[in-house]
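Thank you all for coming this morning. Please take a moment to look at the sequence and the structure before I begin, and then I will walk you through a few places in it.

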Amino acid sequence: MQKKHTTVETLLEAIPYIKKFYGKTIVIKYGGSAQTSPDLKEKFAQDIALLSLVGIKPVIVHGGGARISELLGKLEINSEFVDGHRVTSEDTMRVVEMVLSGEINKNITSLLNHHGAKAIGISGKDSSIIKAKPKDNGKFGYTGVVTEINEKMINNLIKEGFIPVIAPIADSATPNHPGFNINADVAASKIASAIGAQKVLFLTDTVGVLDKEGKLLNSLDKKDVAKYKADGTIAGGMIPKVDSCIDAIYNGVNKAHIIDGRVEHSILLELFTSDGIGTQFLRKDNPNNGIDMDKLLNDEM
Ligand SMILES: Nc1ncnc2c1ncn2[C@@H]1O[C@H](COP(=O)(O)OP(=O)(O)OP(=O)(O)O)[C@@H](O)[C@H]1O
Ligand SMILES: [Mg+2]
């Protein structure tokens, strides 16, 4: 009996949050580092199915850095990173396409469908959803920077009730080009801005952004990020992630969060509880931030 009461209480507590996000689009970057165990992947799929069932519209953009590096290692192809961005040779691009558009994209899509969600797996090449050009004049090989997002196509899929699962591979303007490898954090942020998402969540393998002492930084804006990057606190794969969070909130997305994808149901914890988890990014000059949930509940009920 007590257990049933707790379940009811938990459901009631989630009501204001469900109301707040009902009908809204939330982009979720599912980091390769958070796709570690089959059990965690199941929990992720359950969370996404639940969001969809309560009227929230998730869009998934996935990474796969660890899996790409693993396969490159087996093929004896070198992995090279500069400032957290992969340098993509022609051979590396073939592996990136196989792992991201092939293996990981289909794996996530099928898992979501098994959990009752209506997911459709695509890459940025499909219907030219992501167009790109070489990053830093080709210094990074086939690593690209996004030039255009076909938001109409993504919105059409959402309108039809699909959950788009997007591999961060972009089309090139040149025919017969192998395409571009886009850092998945960057792709998620650009997609979130283009489709006017309410939020973008980045699931990764740390509790959030940590300071030099390893303590979680709860809330960051542009200036904080610049400082932590300059003094080396933020390094490697965290660089494109924080840059993408800042890019999103300065281009129309209300909030961005970096959360721990190793924690079961981290998406639900972030969205449906008052505490939230991880590091949030919000514009301190935005008057819409810091909404009082109790007030919202009383005003609207
Ligand atoms: N200040 C910091 N706080 C937390 N993590 C940091 C920090 N600086 C660097 N990192 C590194 O950033 C990593 C997360 O980025 P990474 O690119 O490895 O994962 P991901 O983006 O989730 O996965 P993928 O690139 O496959 O999508 C952490 O595992 C950590 O090693
Ligand atoms: Mg990364």
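Let me start with the shell of residues around ligand 1, which by class holds six nonpolar, eleven polar and four charged residues. I should say straight away that what you see is a predicted model, so please keep that in mind throughout.

Which residues come nearest to ligand 1? Of the 21 residues around the ligand, the nearest are Lys29, Gly65, Thr204, Asp205 and Lys241. As for the secondary structure, β11, covering 199–204, and α8, covering 238–249, each supply at least two residues of that shell.

Now to some individual contacts. If you look at glycine 65, you will find that a backbone N or O atom of this residue lies 2.7 Å from an oxygen atom of ligand 1. At threonine 204, it is an N or O atom in the side chain that lies 2.7 Å from an oxygen atom of the ligand. Then there is leucine 210, where a polar backbone atom is 3.0 Å from a nitrogen atom of ligand 1. How much of the ligand does the protein bury? Taken alone, ligand 1 exposes 640 Å², and the protein buries 76% of that.

Let me stay with α8 a little longer, since we have just met this helix in the shell around the ligand. It has twelve residues, and from its first C-alpha to its last it reaches 17 Å, which is close to the 16 Å expected at 1.5 Å a residue. Is α8 mostly covered or mostly open? It is mostly covered, with ten of its twelve residues buried, and among them are Met238, Pro240, Lys241, Cys245 and Ile249. Notice that Lys241, one of these buried residues, is also one of those that come nearest to ligand 1.

Finally, I would like to turn to the backbone in two loops. Most residues other than glycine have a negative phi. Serine 128, however, which is found in the loop between β5 (119–123) and β6 (130–134), has a positive phi near 45 degrees. Aspartate 136, in the loop between β6 and β7 (144–149), likewise has a positive phi, near 45 degrees.

Are these two residues buried or exposed? Serine 128 has a relative accessibility of 23%, and because buried means under 20%, this residue counts as partly exposed. Aspartate 136, with a relative accessible area of 43%, is partly exposed as well.

Notes: Residues numbered from 1 in each chain as written. Chains lettered and ligands numbered in written order. Predicted model: local features only at pLDDT ≥ 70, side-chain atom pairs only at ≥ 80, totals over all residues. Heavy atoms only, no water. Near = heavy atom within 4 Å. Polar contact = N/O pair within 3.5 Å; in protein donor to acceptor, adjacent residues only side chain to side chain. Areas by Shrake-Rupley, 256 points an atom, 1.4 Å probe, with all protein chains shown as cover. Helix = DSSP H or I, 4+ residues; strand = E, 2+ residues; numbered from the N terminus. Nonpolar A, V, L, I, M, F, W, Y, C, P; charged D, E, K, R; others polar. Expected span 1.5 Å × (residues − 1). Buried < 20%, exposed > 50% of the residue type's maximum accessible area, 1.4 Å probe, protein only.
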